[in-house]
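Could you walk me through this protein model in plain words? I'd like a quick briefing that I can follow with the structure open beside me.

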Amino acid sequence: MEIQQTNESVLASNGSGGLDGMLLGNMAVAMNFTAETMDTSDGLQYGYRLKNDTYVGALGDILQYRSDVSFNIRFMKYYDTQDIEFLHPIYSDQLCVLSPKSLEIPQWLAIFLCFHPYVWVSFVTIGFVGGYCWYILRQWALRKVRRYRFRLLKGDNAPYSVLSIELWLVLLGASSTHLPRRMVERLLLAAFLIANVIISGTFQGTLTTAFSTKSYYKDINTLSALDKSGLPIGTSSRSLLDIFGNDALSPLYQSLKGKLRILDESARHRAAFRRDMCCIERHSDVHLIINTEFIGTNGLPMLHVIDECPRMYSLAYIVRKGWPFAPLFNAAIYRFIEAGLSKKWYADTEEALIMQKRIQQMMVQSEEPALRKLTMTDMQTSFYIMALGMLISLSASAGYRSVGKRDWCLMNKEKRNPSRINGLEGDNDNDGCGTQSGSVTTDGIYHRTDFSSDVADVLAISRYRIDPIKIRMCSSEERRLEALEELLNEETPYVAATC
């Protein structure tokens with residue numbers, strides 16, 4: 001029965017479709033009249049007033065008696081004439097701005113943008129602050145160790161930078177080489193280990209999502225963001241130039257109104273494919289337009305609806321002012337609206353058109369699987385980071401090598417004079433680049449004027465059975481005196497150091 005009634009309405013409207021065609025056909029059947037349909041005489045759809053006070057489009061056809069009623073629904077507003085009137089409103093709709101859909105974020109950049117910058121800053125700050133707290137607690141604990149002359153443990157003299165790096169390793173779930181042995185440090189590390197469960201889980205889960213799914217830049221969702229983007233707003237209808245109002249405009253609406261452009265081409269097509277401007281559409285038509293005309297090859301829309309719409313209108317059909325059949329048409333339209341038929345016809349039309357477009361797309365291109373395997377392309381960022389780190393480390397190593405070799409040659413070119421320090425005699429007739437010499441004084445202490453390696457020190461102590469002393473490598477006579485004074489004031493033997 002429904003199919004038969006639909007066929008009758010289509011035939012009564014001379015093959016017109018959509019909500020307008022369904023309303024016209026059903027009104028023709030209900031009111032028993034024959035509809036004669038025509039296109040606009042000048043090819044313009046809605047029409048407007050020219051500067052010479054003539055009207056074009058459907059508006060001109062109505063005023064010039066070429067047509068009795070325009071069954072092309074339009075906004076209920078002033079069209080620069082008092083000679084038309086509107087039939088009963090069909091529905092209300094918003095007038096919205098469509099912007100180009102945001103582009104896909106490159107895979108190498110997606111892992112850095114998957115977190116807000118505040119999250120990265122917080123993570124780095126936690127590492128520095130936590131490492132500083134660890135360092136302070138360790139120094140506080142070492143005060144007790146020095147007071148009671150306890151033996152120092154391995155890692156007690158670790159600097160602040162090392163502890164910060166170790167704490168970052170703990171936060172990332174890696175192993176640490178400086179595990180604390182005192183209770184105050186263990187309590188701090190236990191707190192960070194508990195935080196690691198949340199931080200590392202969130203971090204790894206978000207990175208997995210960034211690798212396995214496609215992410216996009218942020219879309220324009222407000223009129224303020226649209227104004228900041230600098231994109232012009234195009235339309236082919238002059239009647240939409242008042243979308244941002246006429247008088248008493250806010251600074252934002254004044255700026256947006258200055259971006260309006262009248263085009264001779266489709267503003268929707270230009271916004272979707274050339275991506276250099278926005279367009280204006282009714283909110284109720286956006287879903288249909290995007291899903292039937294502007295779906296990319298990846299199945300995603302090419303246009304985005306800005307959430308903040310500047311205008312809302314009621315929509316209706318127009319007739320000449322005083323048209324005698326207007327009350328009958330209003331009564332029929334009122335019955336259709338109260339029965340909910342207008343909404344049903346629009347939803348049916350929209351669903352049929354979208355389904356037809358989907359079938360055509362499926363016949364042309366195969367659908368990509370929802371799940372896919374990770375490839376080397378997805379993991380390219382990690383290799384880029386590794387290569388960059390290796391390049392920086394090699395450059396730093398080459399720089400250290402060249403600077404160190406230059407300083408070593410300059411140091412060895414300095415002439416050293418014989419010295420006698422607290423009964424210790426030493427002589428150095430070497431230029432610093434040959435073999436090293438040493439002597440044992442009468443009091444049994446081995447004194448070297450230059451040192452080539454720590455192995456020579458160990459051999460000297462074991463061979464001459466001298467008393468355990470600290471051996472320091474010094475390049476100047478003044479520094480030797482300072483080092484020897486430090487040795488005499490220190491208590492712990494068997495410690496080798498360099499100056």
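Here is a short tour, going from the whole chain down to single residues.

Keep in mind that this is a predicted model. The protein chain has 499 residues, and 36% of them count as buried. Its secondary structure comes to 16 helices and twelve strands.

**The chain as a whole**

- About 31,500 Å² of the protein chain is exposed, and carbon and sulfur atoms supply 58% of that area.
- Take the contacts in the chain with a separation of 6 or more: 66% of them link residues 24 or more positions apart.

**A nonpolar patch on the surface**

- Seen from outside, L103, W108, F112, L113, Y217, Y384 and I385 form a nonpolar patch, and together they have about 730 Å² of accessible area.
- Two elements give two or more residues each to this patch, namely α4 (107-113) and α14 (380-412).
- Helix α4 provides the largest share, with three residues.
- One patch member to look up is L113, which sits in helix α4.
- L113 has a relative accessibility of 44%, so it counts as partly exposed; that label covers the range between the 20% limit for buried and the 50% limit for exposed.

**Where α6 and α7 cross**

- Helix α6 (residues 160-171) and helix α7 (residues 183-212) have axes that come within 8 Å and cross at roughly 50 degrees.
- That makes the two helices oblique to each other, because an angle of this kind falls outside the ranges for roughly parallel (under 35 degrees), roughly perpendicular (65 to 115) and roughly antiparallel (over 145).
- On the α6 side, the residues that meet α7 are L167, V170 and L171.
- Their partners in α7 are L189, F192, L193, N196, I199 and S200.
- The loop between α6 and α7 holds R182.
- R182 counts as buried, because its relative accessibility is 15% and the cut-off for buried is under 20%.
- Along the chain R182 and L137 are 45 residues apart, while their C-alpha atoms are separated by 9.7 Å.

**An arginine in a strand**

- Now find R282, which is in strand β6 (residues 278-282).
- R282 is another residue that counts as buried, with a relative accessibility of 13%.
- What does R282 touch, not counting residues up to four places away in sequence? The list is Y46, I73, F75, Y91, D93, Q94, L95 and L315.

**Two residues with positive phi**

- A bit of background helps here: most residues other than glycine have a negative phi.
- Y65 has a phi near 65 degrees, a positive value in a residue other than glycine.
- You'll find Y65 in the loop between α3 (57-63) and β1 (69-75).
- Is Y65 buried or exposed? Y65 is exposed, because its relative accessible area is 64% and the cut-off for exposed is over 50%.
- R275 also has a positive phi, near 60 degrees, and is a residue other than glycine.
- R275 belongs to the loop between α10 (267-274) and β6.
- With 33% relative accessibility, R275 counts as partly exposed.

Note on methods: Residues are numbered from 1 along each chain as its sequence is written. This is a predicted model: local features need pLDDT of at least 70, side-chain atom pairs count only at pLDDT 80 or more; totals for chains, interfaces and linings use all residues. Side-chain values use heavy atoms; hydrogens and water are left out. Patches are made of residues with over 30% relative accessible area and no salt bridge: like charges are joined within 9 Å, nonpolar side chains (Val, Leu, Ile, Met, Phe, Trp, Tyr) within 5 Å. Accessible areas come from the Shrake-Rupley method with a 1.4 Å probe; for residues, only the protein chains shown count as cover. A salt bridge is a side-chain nitrogen of Lys or Arg within 4 Å of a carboxyl oxygen of Asp or Glu. Helices (H or I, at least four residues) and strands (E, at least two) are DSSP runs, numbered from the N terminus. Buried means under 20% relative accessible area, exposed over 50%, partly exposed in between (1.4 Å probe, protein chains only). Axes are lines fitted to C-alpha atoms, for helices over the stretch in contact, and angles run from 0 to 180 degrees between N-to-C directions. Contact means heavy atoms within 4.5 Å.
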